[in-house]
Amino acid sequence: TISHDLRTPLTSISGNAGYLLSDGERLDGETRARIYTDIYDDSMWLVNLVENLLSITRIGDGGVHFHMTAELIDEVIEEALRHIDRRSGEHRISVEADGLLLVRVDARLIVQVLINLVNNAIKYTPPGSNIRVSARREGSVAAVCVSDDGPGMSDEMKARAFEMFYTGESGIADGRRGLGLGLALCKTIIAAHGGEIAILDAAPRGCTVRFTLPAEEVEFNEQRQ
């Protein structure tokens, strides 16, 4: 499965690069721009795939040293949104986070979780869909949700979504890229933080991925004094 999903974008990148090398001067600007975009998209997908593979392997083998610090959840969300899929401009993305909500996390890994979840929402919903990232305190934890108003997921897909390599079925997703690691990695990271993650139906339609993180008990002002 991994070999197949690596080979497909690599073949596309090498083929497009070869086309530019041999016939680039004869191509019009619009065609060149499309080829450049395809190369960029395929290479970024490979980067994310390698990051996911490395993280899920190292965490599973106990090879990751967690750097747990108190972080403002809205700043973690903001950092993740800087690195999401280029196609995010085709969607309406909003953020709602409780003010001064601190969590004790490895920020780099939680950013990776949020990137995966938002990219999934972008990938599996049509252009123009609404994607909302929210965070609020619920007792001793912070509950973070990534919701969309797309076609949603069947009960079977929700039950199996966190299995490694499971991708389900969608007429919207890019069929060339079937490797299902994102949600499996998210579950591994959240579990390592002592939290829980689940997929819920969104109202009135779509789906919500909800996860919890340990909230920081120290008052914000006390930390900064």
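The second largest pocket of this predicted model has a volume of about 150 Å³. Its lining is made up of Asn 48, Glu 51, Asn 52, Arg 108, Gln 112, Ile 115 and Asn 116. Two helices, H2 and H4 (107-123), each supply at least two residues of that lining, and H4 gives the most, with four residues. Sorted by class, the lining of the second largest pocket holds four polar, two charged and one nonpolar residue.

**Overall architecture**

The protein has seven helices and seven strands, and from the N terminus on its elements follow the order α-α-β-α-β-β-α-β-β-α-α-β-β-α. Of the 225 residues of the protein, 42% count as buried. When contacts between residues at least 6 apart in sequence are considered, 72% of them join residues at least 24 apart.

**Helix H2**

Helix H2 covers residues 29-60, and because a helix is expected to span 1.5 Å a residue, its 32 residues should span 46 Å; the end C-alpha atoms of H2 are 46 Å apart, in agreement with that expectation. At the start of H2, a side-chain oxygen of Asp 28 comes to within 3.1 Å of the backbone nitrogen of Glu 30. At the other end, H2 is followed by Gly 62, whose phi is positive, near 75°.

**Helix H6**

A glycine with positive phi is also found just after helix H6, where Gly 194 takes a value of about 80°. The buried residues of H6, which comprises residues 182-192, are Gly 182, Leu 183, Ala 184, Leu 185, Cys 186, Ile 189 and Ile 190. The elements that cover these buried residues include H2 and H4, together with strand S6 (197-201) and strand S7 (207-214). H2 and H4 thus appear in two settings, as part of the cover over the buried residues of H6 and as contributors to the lining of the second largest pocket.

**Two buried polar side chains**

His 91 lies in the loop between helix H3 (73-81) and strand S2 (92-97), whereas Ser 147 belongs to strand S5 (residues 141-148). His 91 counts as buried because its relative accessibility is 9%, under the 20% cut-off. Ser 147, with a relative accessible area of 10%, is buried as well. The side chain of each residue takes part in a polar contact, as the table sets out.

| Residue | Partner | Polar contact between side chains |
|---|---|---|
| His 91 | Thr 125 | 3.1 Å |
| Ser 147 | Thr 208 | 2.7 Å |

The surroundings of His 91, leaving aside neighbours within four places in sequence, consist of Ala 121, Ile 122, Thr 125, Pro 126, Pro 127, Gly 128, Ser 129 and Ile 131, with each of which His 91 is in contact. Among these residues, Thr 125 is the one whose side chain is joined to that of His 91 by the polar contact of 3.1 Å. Ser 129 stands 38 residues from His 91 along the chain, yet the C-alpha atoms of the two residues are separated by 5.3 Å.

For Ser 147, again not counting residues up to four places away in sequence, the residues touched are Asn 130, Ile 131, Arg 132, Cys 207 and Thr 208. Ile 131 is therefore a contact of both buried residues, being touched by Ser 147 and also in contact with His 91. The polar contact of 2.7 Å joins the side chain of Ser 147 to that of Thr 208, and strand S7 (207-214) is among the elements that cover the buried residues of H6.

Technical notes:
Residues numbered from 1 in each chain as written. Predicted model: local features only at pLDDT ≥ 70, side-chain atom pairs only at ≥ 80, totals over all residues. Heavy atoms only, no water. Expected span 1.5 Å × (residues − 1). Polar contact = N/O pair within 3.5 Å; in protein donor to acceptor, adjacent residues only side chain to side chain. Buried < 20%, exposed > 50% of the residue type's maximum accessible area, 1.4 Å probe, protein only. Contact = heavy atoms within 4.5 Å. 1 Å grid on protein atoms, 1.4 Å probe; cavity = no way out; pocket = protein on both sides within 12 Å on 5 of 7 lines; lining within 4 Å. Points joined across faces, edges and corners; volume = space filled by probe spheres on them. Nonpolar A, V, L, I, M, F, W, Y, C, P; charged D, E, K, R; others polar.
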